[in-house]
Amino acid sequence: QRLIVRDYFHGHYFEREKDEDWKSCFKRCMPQSFVLPIERQGEAVCFSSDDDSIYVTSEFQGQPIWKVKLAEKLFSTSDQ
């Protein structure tokens, strides 16, 4: 039901309504966007098992894995 699309500097959060397909969701809603940690070439993102955070990292070997708390990012007006 939830999706984060990332670019090199931001995460873009989408949430579908019940029984909505992604195409309809993308047409209907503007994503909530937030700043991500600066990385050499950040490309990966996944939700934590408790759905409270996401993890982001770069494609290169030996890069740090950053934990980003979603509630702080999605509901903070300073990052939007």
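Let's start with Cys46, which has 41% relative accessibility and so counts as partly exposed. Cys25 sits at the other end of the scale: its relative accessibility is 0%, so Cys25 counts as buried. With cysteines around, you might ask how many disulfides a search of the whole structure finds. The count is zero. Cys25 is in no disulfide, and the nearest cysteine sulfur belongs to Cys29, 3.5 Å away. Because a disulfide needs the two sulfur atoms within 2.5 Å, that distance of 3.5 Å doesn't qualify.

Now step back and look at the whole chain. Keep in mind that this is a predicted model. Its secondary structure comes to two helices and six strands. Walk along from the N terminus and you'll meet them in the order β-β-α-β-β-β-β-α. The chain has 80 residues, and buried ones make up 30% of them. About 5500 Å² of the chain is exposed, with carbon and sulfur atoms supplying 53% of that area. What about contacts between parts of the chain that lie apart in sequence? Of the contacts with a separation of 6 or more, 32% are between residues 24 or more positions apart.

Next, follow the strands from the beginning. Strand β1 covers residues 2–6 and strand β2 covers residues 10–15; the two run antiparallel and are joined by five bridges. Together β1 and β2 form a hairpin, with three residues between them. Which residue in β2 is the bridge partner of Arg6? That's Gly11. Strand β2 also pairs with strand β3 (residues 32–35), again antiparallel, this time through four bridges. Here you can find His10 standing opposite Val35 in β3.

Further along comes strand β5, residues 53–58, and Thr57 lies in it. Is Thr57 buried or exposed? Its relative accessibility is 18%, so Thr57 counts as buried; the cut-off for buried is under 20%. The side chain of Thr57 reaches the backbone oxygen of Pro64, at 2.8 Å. Setting aside neighbours within four places in sequence, Thr57 touches quite a list of residues: Arg6, Glu39, Gly42, Glu43, Ala44, Gln63, Pro64 and Ile65. You've already met Arg6 on that list, as the partner of Gly11.

Strand β6 takes up residues 66–69, and Trp66 is part of it. With 37% relative accessibility, Trp66 counts as partly exposed. Pick out Pro37 as well: Trp66 and Pro37 are 29 residues apart in sequence, yet their C-alpha atoms are 7.4 Å apart in space. The two are also in contact, and beyond four places in sequence Trp66 has contacts with Glu39, Ile54, Tyr55 and Val56 too. Notice Glu39, which turns up among the contacts of Thr57 as well.

Finally, how confident is the predictor in all this? The average pLDDT of the chain is 86, and 89% of the residues score at least 70. Among the elements, helix α1 (residues 22–28) has the highest mean pLDDT, 96, while helix α2 (residues 70–74) has the lowest, 71. Over residues 76–80, pLDDT stays under 50. The model does give that stretch eight contacts beyond four places in sequence. Still, where pLDDT is low, the predicted coordinates shouldn't be read in detail.

Note on methods. Residues are numbered from 1 along each chain as its sequence is written. Side-chain values use heavy atoms; hydrogens and water are left out. Buried means under 20% relative accessible area, exposed over 50%, partly exposed in between (1.4 Å probe, protein chains only). Contact means heavy atoms within 4.5 Å. Accessible areas come from the Shrake-Rupley method with a 1.4 Å probe; for residues, only the protein chains shown count as cover. pLDDT is the predictor's confidence in each residue, from 0 to 100. A polar contact is a pair of N or O atoms within 3.5 Å; within protein, one must be able to donate a hydrogen and the other to accept it, and residues adjacent in sequence count only if both atoms are side-chain atoms. Two strands pair if DSSP finds at least two bridges between them.
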